Every structure is written in C-alpha cells, then in structure tokens.
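Trainee: Got a minute? I'd like to go through how these chains meet.
Mentor: Sure, pull it up.

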Amino acid sequence: MGKDQVDGLKRLVLVGNPNVGKSVVFNYLTGSYVDVSNFPGTTVDVSQGKYKNYIVLDTPGIYGVSSFNDEEKVARDVILDADLLLNVVDGVHLERDLFLTLQLADMGIPMVVAINMMDEVKRQGIEIDFKALEKYLGVPIVPICATEQKDLEKLVAALPQATVGKKGKEVDNLLKEYASLNNLTEAQILLALEGDLSFEGIPEKREELYFDRRKRVDDLCKKVVRYQKTGTHFSEHLGDLLLKPALGIPVLFLVLFLAYKLIGVFAAGTVVDFLEGIMTTYYEPWIRNTLGAVIPLDSIIGQLLLGEFGILTMTVTYIFGLLLPLVIAFYLLLSILEDSGYLPRVAALLDRSFNKVGLNGRAVIPMVLGFGCVTMASISTRILGSDRERLIAIILLSLTIPCSAQMGVITAMLSSLGFGYFLAYVVIMIAIFVIAGTLLNKILPGQPTDLLIDIPPMRLPLAKNVLQKTWNKSVHFITEAGPLFAIGALLITVLQMTGALDVIQTAAAPLVVNWMKLPKEASTAFMMGIIRRDFGAAGFFNMTLTKEQTLVAMTTLTLFVPCIASIVVIIKERGFKQGLAVFLSCMLAAFLVGGTMAQILI
Amino acid sequence: MTLNQLSPGQRASLEELPQGLIRSQAVRLGLMPGTEITCVQKLPKGPVIIRKNYQQIAVGAALADQITVKEIDEGVPKRGKRPSRWA
C-alpha cells in the first residue's frame, strides 16, 4: 500500500506483541469493530479506521519486525509506510515486549509507547520507573489499562508529541555508514541490515544487531523494572503443577470432558434443538411464503434461494440455528482457556506426542478447535510454524476429528449400542490419527519445528474480557464462514437440479452395499454428510442397522470428507490441487477403513 | 552439557544456540549466549521449562538438545542469583 497523504491524513500504525490489548486501543480510536486479540488467523488482515486526522491501521501481533511468517511480512510493510507508530506494550512482560519497542525506535519512525495492563502490573506488585524509561527511549510513554478504558485519553493526547526514539549506538553507526549509499529511509536500511529486505551494497548483520538489542533490553529492564518478591502465590504453584504430567494430564481430561458437556451436550443438543426448531417451523415457512409470492418456488432462482438446500432457507437455518450457538459456546470456552494462560501449558505437555505425528505442541489449538468446528480449525492452522505442519494439521483435522455438530449424533447412536462400541470408535479414531500422522511425518520432507513458547502466568480470566472476545470472534467467524456455507449450499442445489446427485448416489451404491455391507440408502446419507456432517449422521438414524453396521457407518462418516464449508476453506488455504488431494484421500481412507472393518466384522 | 541435561532447580548460562531462524526467535524471546536461566522442570522426554527472571519459557526437547549451557555453581552465593528487589 502506498503512502496516502490526501487531505493531510497521517498514517498511524498500531504495533505490538500478540495479546497486548492493541485491538482495544484500536477500537477506542476508531470506534469500529475489530477482533480484540491476535487469536490465530483473525487479524492477519490489517484493520483500518479513522481517528481525527489519522488513518489508523492495526497490525497482526508480532514479536519483532522481520519476515519469519506472513503476519510479520504484513506488519513489516504496514510499518514501513507509517507516519507514526503507536507501540502497545504489556507492562507485565517488558523483557519480552521491549525487544520490539527498541527495534521500532531503531527504525527511526516517530512513535508513542503505551504501557498496557497496568491493573495487572499493580496486582503483581511490579514497579516500573516510567521517567527513566521515557528518558532512555526518548519517546512519550503512557501507562494505560485498555480493558478498563483507563487513561486512554492521555494516550490520545500524547500522539502529537510522537518523536523519533533513541537508537542503539551500534545501530546508529551502521545506519550512518550506509545512509549515503542509497536513497533509502533509516527503517529500510535497518531492515536490510537485519536481512528482512534486500538492497544492493547493504550486508546482513542480523545476529549482531539482535544480540546487541537483546542486551540493551535486558540492561534497560534491570534499570527500570522492579519486581516484588512474590513468594508463593497460589496461581504460580498451580501454573507449575499443571505442567507436571501427573496432574496436568488428568486436568486436561477433565477440561476436555467439561468442554464436551458444554459444547457437545448443552450447545449442540439443547440449544441447537431449540433454535433449529424455531428456524424450521417459523422462519423457513415464513421466508418461503413471503418471497415465494414474488419468486416461483419451482424456478431455478426459487430453488437456489428457497429450495431444500437454498441460500435463504438451509444456509440461514444452518448458520443461525446450528453454527452460531456452537461457535459461541466454543469461543467462550476458548477465551477462558486463552485468558487463563492454560493453553501454552497444554502445548508443552503434549509437545512430545505431537512431535510423533509431525507437529509440535502449538498444534493443540487447531486440534482442540476441530472438535468445535473443523472449518474454523482449518483457518487457525495459520499459527503453525511451517507449511509442512499446516498441511499435516489440515489432513488430520479433516480425516479424524469429528466436529461438534457430528459428535452429538455419533455419540447418541453409538452409546445406545453400549459403551464397548463407543470405546471401539474412539480407539479406531485415535489409531487412525496416529497412523496417518506418523505416515505423513515420514513421507513429507522436513522435520517438525521446535517448540519455543512463552509460558505466561496463570490468572483468573475477567468475565468482561472473555465475553467481549467471545462475541467479537463469533461475529468474525460467521462473517468469514457464512459466505462459504452459502457457496456450499449453491453447489449442492446445482448438483441436485442437474440430476448429478442421483447419478453419484447410484454410482456409489455397489461400493456401499457390497464392500461396506450397508443398505443402499447409506450412500444418500454419505452425500448428505458433505453438506452438513451431522445430516449424514442423522440420515443413519432412520435406517435399521445392526450394531456392527452402525459402527462401520459412523467410522466411515467421520473419516469421510469434512463438510462442504471446510472443503472450501481447505481449498482457500492450500490451493486447488492440494485441497482436492486432501478431499480425495480422505474419501479413499474412509472407504478403505470402513470396508475393511465391514469385511472383518459383518 | 546441553539444556536437556539440567535438572529442575539448576542454574546455568546459555552458551551456543543452533543456527537459523530459531536462533533469531530465541533472541527475540530473550535467550542468547550468556543469558542466565533456571531449569524449572522437565517433562518426561518432552520440553524443558526454564525461567529467566520472571519469564517462563518452554523449549522443545529437540531444541534443548542443541543448546549448550554452562552450569552456574550453586555453592557460591552470587549477587542477582535470585531476582531480589531489583531484578
């Protein structure tokens, strides 16, 4: 994006580490909606708003300006175009966050630094010498508490005082040395020296500069931060204990069980039944009657909009009746887990196991998300460290993880057969997860990336933050995924109207009947499973099946392609070729495993 | 010795970190040659959890194996060994 100085507007860019409350500041300035945290994938797009004579841009949360991943590249380019920077810093994590701050100062762009989380800073008895910090950095420093909207007006008042920060000696010398060589800004020269941009005649000295900066940060922290000897806080003990497998693993199971109760039973069962009932008995007939008067129901457009899988009928019911309650319940739980500092501990606990399937502990987030909705989990694979890991995670997600919509029906069907069958299903899924992951880890070139993460202190999440986050993320998800579900519905209607659906069902019948030993109507249920995974499972409800047939059907259905929306997301994330390959290999695996089971069991 | 060989409670200063991207990430997170750390705990065959002042960091086993450290003698009480008033 080019500089846009029309009407004397200045580009004010917000920069900060992940989860420092940057977006709350952005909301305060622009008054518009934006996601509150840097949860995976949600702020990759740069949000833009206006405040007085500033164009305000929010960047993804980053630990430093460079080009290690897409978020950093996006942030880097936005920062390079900035007229002034507003760096938001977590006051509890100065040692970590000031690395970015000093780097920004070295870039020579005018800035203001906001030290956020002052409530937490006080709670933990941390003392910060703001005067000394301001003197050292040479830019205005404003302590704030964004979540309580405290002192944000002081921050705003400081914006016109933004100044260029003091650079490190070594940086300053190097910048002077190369300043004459090129017609470049200091920021460009610095990033070239750090190996993140390349210009002729400027050598890469990243390591030297990073080491120098880290030393300056550590020295600075020694001078300006005073930690109170906290002694033995309960939360500290809890945090350490949760990292011990003896307690951590049982607690993890307990959390998963509660998650299942909240999402699988309460949201997917009680709430969805209620809402879907309302949608199908009141909304759908209403919209059909109202619009049916204008658009004939049997016309092509009528079918596309109001038919069985219509955009205004099924898609709307699906999004508001089923998806929204699930997504809200899911993000509620996730926000609590995120704000409590629990997730990084799970990542550390499971790192070893994830390594075996080609991932590292960070993959816990997409995998847990997958039990909520495979579609949103696939989007969140963006946080993973390498392209290889993103591919493995997406395949494992679409193959073995049943989403909450599906899990409700599957659990109901299998548990009526007895605990043994339910257990068999779980064991089969875990086995396939391990086998597929191990194979992918062997086949795909490369290694899992190393785990290197900050383990934040455990803390009690604040209800207000959790609710705000849940709401923002849910809205964001619906706006991102809604159109995808509409596209899916459109495709299925077209297949149905052209008769292609019947052709596919007839063609699949021998496979389903002879190889998988299921009734021929099962092929319809599998097709429905593509539209909505739980439709597929529900389709089996009305069939007379033996216990063995039910197990085969449920296993195949889980492994079988994810729903149409997740296929669209996977194609969007991985490109058409890989997306199609994932789709086809899941189908192949499903029929292979299901058929083999049928041959043995039935 | 390597970071992996430390036992919980042991203090050490980092010596060599592996080359490449992970090195830059480590430096940004606060780990570089000379950084003094305490081993907080070790998960069985899993990551090592270390503490640098008030920050805790999990280091994957494979990475911890590639980081060499020098043990800090616990016998001699050192200034700043534990973050006292001024950390």
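Trainee: How many residues does each chain put into the contact?
Mentor: Chain A gives 40 residues and chain B gives 41 residues. Keep in mind that this is a predicted model.

Trainee: And what area is buried between chain A and chain B?
Mentor: About 3,700 Å². Carbon and sulfur atoms give 57% of that.

Trainee: How many salt bridges cross the interface of chain A and chain B?
Mentor: The rule finds 4. One of them pairs the side chains of Glu207(A) and Arg23(B), at 2.5 Å from N to O.

Trainee: How many residue pairs are in polar contact across that interface?
Mentor: 16, counting pairs with both residues at pLDDT 80 or more.

Trainee: Which elements of chain A supply at least two residues of the side that touches chain B?
Mentor: Three helices and two strands are on the list: helix 3 (94-106), helix 9 (206-224), helix 14 (343-356), strand 8 (225-226) and strand 9 (452-455).

Trainee: Which one gives the most?
Mentor: Helix 9 of chain A, with 10 residues.

Trainee: What's the mix by class on that side of chain A?
Mentor: There are 19 charged, 17 nonpolar and 4 polar residues touching chain B.

Trainee: Switching to strands. Which strand of chain B does strand 9 of chain A join?
Mentor: Strand 4 of chain B, residues 55-59. The two are joined by 4 bridges.

Trainee: Parallel or antiparallel?
Mentor: They run antiparallel.

Trainee: What stands opposite Asp454(A)?
Mentor: Ile57(B), in strand 4 of chain B.

How values were computed. Residues numbered from 1 in each chain as written. Chains lettered and ligands numbered in written order. Predicted model: local features only at pLDDT ≥ 70, side-chain atom pairs only at ≥ 80, totals over all residues. Heavy atoms only, no water. Contact = heavy atoms within 4.5 Å. Buried area = accessible area lost by both parts, 1.4 Å probe. Polar contact = N/O pair within 3.5 Å; in protein donor to acceptor, adjacent residues only side chain to side chain. Nonpolar A, V, L, I, M, F, W, Y, C, P; charged D, E, K, R; others polar. Pairing = 2+ DSSP bridges.
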